[in-house]
Amino acid sequence: MSLPITTERLTLRSFRPGDEDDVFAYRSVPSVIRYIPGEPKTRDQVADLVSERATAGRIDPTSPNLTLAVELDGRVIGDVLILLEGPDGADGRQAEIGWVFAPDVAGQGYATEAARAIIEAAFREVGVHRVWAQLEPENTASSRVCERLGMRLEAVFVKGSWFKERWTDLAVYALLADEWPPAAPPSTA
């Protein structure tokens, strides 16, 4: 996957020293972390996260996990994940995607724009067959992102996930390479 990935408004890139304050600003907020693994991060944990992910610049079956900083006008406003998976382990045939964004940029389409870019790269550059996302159905913002990307709801597992000390429902959305890009919505003109 060629980095950085640029969209109309965003740059998806490896983390780098200096990103710590921006990342801490959203990764330390309990309401933001509610739907992703882990707890709100301390400054030291964010520094470790940025340092660790600054060295990750490629994705392939030998390095199947890549988290990219999402930059807007010089500020890291979130991050996106791509994790190669498949029936034989990390064979690169499928990719899980995920995202987390600062609350002050919610509702402006940045998560959809960044996720669209990572899906495009997964299909076109990495050559995966299927992209999927898993989330709690009550995370309606992420459900809407999946729907805007043309992903279909494939399953809802009732109380199928032990997450953050409680049983939660788990929704799985997915999209196949031959369904990308999704058809444009019909014109109303």
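**Exercise 1.** Which helices and strands do the buried residues of H1 pack against?

*Solution.* The model examined here is predicted. Step 1: locate the helix and its buried positions. Helix H1 covers residues 20–27, and its buried residues are Val23, Phe24, Tyr26 and Arg27. In this exercise, a residue is called buried when its relative accessible area is under 20%. Step 2: relate the positions to helix geometry. An α-helix has 3.6 residues a turn, so residues three or four places apart point the same way. Step 3: name the partners. The buried residues of H1 pack against two helices, H2 (30–33) and H3 (43–54), and against two strands, S4 (75–85) and S5 (94–101).

**Exercise 2.** Determine how the elements of the chain are ordered, and why the chain is described as being as compact as a globular protein of its length.

*Solution.* Step 1: count the elements. The chain contains five helices and eight strands. Step 2: read them from the N terminus; the order is β-β-α-α-α-β-β-β-α-β-α-β-β. Step 3: compare the radius of gyration with the globule rule. The chain has a value of 16 Å, close to the 16 Å that the rule gives for 189 residues, so the chain is as compact as a globular protein of that length.

**Exercise 3.** State what share of the residues is buried and what share of the accessible surface belongs to carbon and sulfur atoms.

*Solution.* Step 1: consider the interior. Of the 189 residues in the chain, 43% are buried. Step 2: consider the surface. The accessible surface is about 9,700 Å², and carbon and sulfur atoms account for 52% of this area.

Definitions and conventions. Residues are numbered from 1 along each chain as its sequence is written. This is a predicted model: local features need pLDDT of at least 70, side-chain atom pairs count only at pLDDT 80 or more; totals for chains, interfaces and linings use all residues. Side-chain values use heavy atoms; hydrogens and water are left out. Helices (H or I, at least four residues) and strands (E, at least two) are DSSP runs, numbered from the N terminus. The radius of gyration is taken over C-alpha atoms; the globule rule is 2.2 Å times the number of residues to the power 0.38. Buried means under 20% relative accessible area, exposed over 50%, partly exposed in between (1.4 Å probe, protein chains only). Accessible areas come from the Shrake-Rupley method with a 1.4 Å probe; for residues, only the protein chains shown count as cover. Contact means heavy atoms within 4.5 Å.
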